[in-house]
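Please open the model in your viewer and keep the selection panel at hand, since this tour moves from one selection to the next.

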Amino acid sequence: MSRRPVPPLPPVARRVLRGDRQALAQLITQVENRDPAALPSVRALYPHSGHATVVGVTGPLGVGKSSLLNLLLAHLRVQGKRVGIVAVDPSSPFSGGSILGDRIRLERPPGDDGVFIRSMAARGHSGGVALATRETVRLLDAFGMDVILVETVGSGQADVEIREVASTSVVVVVPHLGDEIQSLKAGLFEIADVFCVNKSDLPGADSAARYLTEMTQLVPEKGAWRPVVVLTSTTIPSGVSDLWDAVLRHEAFLDANGSRRVRARRQLTDEILGLVRERVDARLTSVLAQEPDLQALLDRVVAREIDPYSAADRLLAEVRREP
Ligand SMILES: Nc1nc2c(ncn2[C@@H]2O[C@H](COP(=O)(O)OP(=O)(O)OP(=O)(O)O)[C@@H](O)[C@H]2O)c(=O)[nH]1
Ligand SMILES: [Mg+2]
């Protein structure tokens, strides 16, 4: 396949690469709204991404994810790392905004240009959120952030999506595990590269950490990564550098045995097949909307004049036709 000449960068993309925060914010809003106007810039910026360390921080409501992100942010800024944060916010109009009254807000230190924080409403269907989150992470990456932290509320199933964007997934839990451990077994346990037992200032933290460590021993060997368990507290700040060290250990593991590439390929396969499915679906919807003889076609199937397979062939031929 011959390489196509690289088209010139759209002006917005050029502004993003020059570090224009406003252009970045506008582009993210367009991505969130699935505005097709964003596409030329998003595509042009893709080759400029792929440098950032992307860390997913997930866990049940109120375990202290945002509090941890604030401390991680400070920890990384001291090291001179530029940090992007994407918080996928489950607040919905139905729950009347915040679910917990005392949730912590993520805030950019005033005037700090090395930080960009973006909240995304987790409204709409989850696939849409996953797409917007992935694209926002990529834009922050192209913008030049060294580390991108993604906060998502997770309790099992839907949050497996974090695997689609993060190179390291941190699962945050709290000492009084109770029912949580069931959902951990179901979903979160599979995605955890690092377990963080937060609120370790509360009783029961050590036994929770011990329990999780035992669970990680059950992970099948074959050169696989064993999740690291760390204890943190944000009220009496402790363990945050341990947490970051655990992330870096996993990142080093990915590089050492080639699994970073494997992971990236898996993520991109999911993404590309998702895009194709979405387009085929959209095309089918428009074919069905325009197909004047769909009813006639159905009548013929009902009357046994043609079989369902032939009807499907006919529709497929329509889908394949250039619109
Ligand atoms: N005791 C104790 N409380 C904590 C700790 N970390 C966070 N909290 C408290 O837990 C509550 C929730 O903290 P957040 O950081 O908002 O938790 P979150 O996981 O981001 O919450 P959601 O985004 O709503 O899911 C707040 O009242 C925090 O002050 C900790 O280490 N120890
Ligand atoms: Mg939060």
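Begin by selecting helix H4, residues 65–78, which gives the most to the shell around ligand 1, with 3 residues. Keep in mind, as you look, that this is a predicted model.

Next, select ligand 1 together with its surroundings, where you will find 20 residues, the closest being Gly-64, Lys-65, Ser-66, Ser-67 and Ile-104. If you colour this shell by residue class, it divides into 7 nonpolar, 8 polar and 5 charged residues.

Now return to H4 and add helix H8, residues 240–256, to the selection: the axes of the two helices come within 10 Å and cross at roughly 75°. Angles of 65 to 115 degrees count as roughly perpendicular, and H4 and H8 are therefore roughly perpendicular to each other. To see where they meet, show the side chains of Leu-71, Leu-72 and His-75 on H4, and then those of Val-240, Ser-241, Leu-243 and Trp-244 on H8, for these residues make the contact. Sorted by class, the contact between H4 and H8 holds 5 nonpolar and 2 polar residues, with no charged ones.

Finally, clear the selection and view the whole chain, whose secondary structure comes to 11 helices and 7 strands. How many of the 323 residues, as a percentage, count as buried? The share is 35%. If you then trace contacts across the chain, counting those between residues at least 6 apart in sequence, you will find that 74% of them join residues at least 24 apart.

Methods. Residues are numbered from 1 along each chain as its sequence is written. Chains are lettered from A and ligands numbered from 1 in the order in which they are written. This is a predicted model: local features need pLDDT of at least 70, side-chain atom pairs count only at pLDDT 80 or more; totals for chains, interfaces and linings use all residues. Helices (H or I, at least four residues) and strands (E, at least two) are DSSP runs, numbered from the N terminus. A residue is buried if 20 or more other C-beta atoms lie within 10 Å of its own, exposed if 12 or fewer, and partly exposed in between; C-beta atoms are placed from the backbone. Two residues are in contact if their C-beta atoms, placed from the backbone, lie within 7 Å. A residue is near a molecule or strand if its C-beta atom, placed from the backbone, lies within 6 Å of it. Ala, Val, Leu, Ile, Met, Phe, Trp, Tyr, Cys and Pro count as nonpolar, Asp, Glu, Lys and Arg as charged, and the others, Gly among them, as polar. Axes are lines fitted to C-alpha atoms, for helices over the stretch in contact, and angles run from 0 to 180 degrees between N-to-C directions. Angles under 35 degrees count as roughly parallel, over 145 as roughly antiparallel, 65 to 115 as roughly perpendicular and the rest as oblique.
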